[in-house]
Amino acid sequence: MKLGFIGRLARVTLGVLAISLMPAQFAQAEKYASIVVDADTHEVLHARNADALRYPASLTKAMTLYMVFDALKSGEITLSEELPVSRAAASQPPSNLRLRAGSTITVRDAIRALVTKSANDVAVVIAERLGSTESRFATLMTAKARSFGMTRTTFRNASGLPDAAQMSTARDMAILAERLLEDHSGYYHYFSTDSFQWGSQKFPNHNALLRSVDGVDGIKTGYTRASGFNLMSSARRDGRRVIAIMFGGSSSLSRNQHVSDLIEAAFSTFETPRLPDTALASYAINNIQRPNNINAAAMPMLNGEIFTPGRIGEGDESSPLRVAPR
């Protein structure tokens, strides 16, 4: 028997009841922003603080990768090209591959390292190859972003490491996700890379939704202490695609749960054609989370208690998956 409209919404709402009851005082309200977009129609299904300036952290690397894909498409670089590692690149703080100055890394491995490990040293290697200097590359990134209509985005580096002037918005990051899908569909599959082998270490993709949410096939996580836990995600089911962006999660666990709920609510709106998708989405998504502070981000719960993550590097959300035999 098919569920009615209220029944469908109840199914979504009950699934996220625990999150809606989490204490707002533990949330990073000043960092939170989110947006959900129907990638096929470009309709905004949900937006909260979507135009507020936020620190993108390693979501920046999605723009860095866009520039790489542009260069591959134009023939400026090839996947097999060996990129030199400078002292500046080798000196970048975690998350990194601990590249040594004077060594090289192929473009193919550089892409995989950015997608999975979110390696800051690799971001600088790419920036210096495509822009001569990281500063000039950041200027090129900003110009490209503005050409997309990302009017509130400014890049100052290729990695997303802290810089007070490096800002973006949830809406701008949704635009970037759409452009990656539309302009570089042939390279988009890299964002679903499950893990990356580098020497004796195997690094899992930080985007846990690839392994836990039906239809998710990309794209990028981000974290700094200033930004909180960010995520750009895209999922496709039954010929429909949604893009969900979140800034300011209190942990990777709470961020992942919240974005998962946004995705599930968005797809639930496509199941009932009696009202416009935007109207259904507004009702369904707004029932996901109702803390006292409407700007608050979700907090994670483990065994009935608030979970507080340990100290981690900027952008580094996981340890190596395992040590492979030499």
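**Exercise 1.** In which sense do strand S8 and strand S9 pair, and over how many bridges?

*Solution.* The model is predicted. Begin by locating the two elements: strand S8 covers residues 228-237, and strand S9 covers residues 240-249. Their pairing is antiparallel and runs over eight bridges. One facing pair is Arg237 with Arg240, the latter lying in S9.

**Exercise 2.** Determine the strand order of the open sheet of five strands, and explain why S2 and S7 each have one side without a neighbour in the sheet.

*Solution.* Reading across the sheet gives S2-S1-S9-S8-S7, with antiparallel pairing. At the edges stand S2 (44-48) and S7 (216-224); each has a single partner strand, and therefore one side of each lacks a neighbour in the sheet. On average, neighbouring strands here are turned by 5 degrees against each other when direction is ignored.

**Exercise 3.** Describe the hairpin that S5 and S6 form.

*Solution.* First, identify the strands: S5 spans residues 195-198 and S6 spans residues 201-204. They pair in the antiparallel sense over four bridges. Next, consider the turn: two residues separate the strands, and Gly199 within it has a positive phi of about 60 degrees. Finally, take one bridge: Trp198 has Gln201, in S6, as its partner.

**Exercise 4.** Summarise the protein chain as a whole: how many helices and strands does it have, and what share of its residues is buried?

*Solution.* The chain has eleven helices and twelve strands. Of its 326 residues, 56% count as buried. The accessible surface comes to about 13800 Å², with 51% belonging to carbon and sulfur atoms. Among contacts with a separation of 6 or more, 67% join residues 24 or more positions apart.

Methods
Residues numbered from 1 in each chain as written. Predicted model: local features only at pLDDT ≥ 70, side-chain atom pairs only at ≥ 80, totals over all residues. Heavy atoms only, no water. Pairing = 2+ DSSP bridges. Axes fitted to C-alpha atoms, helices over the stretch in contact; angles between N-to-C directions. Buried < 20%, exposed > 50% of the residue type's maximum accessible area, 1.4 Å probe, protein only. Contact = heavy atoms within 4.5 Å. Areas by Shrake-Rupley, 256 points an atom, 1.4 Å probe, with all protein chains shown as cover.
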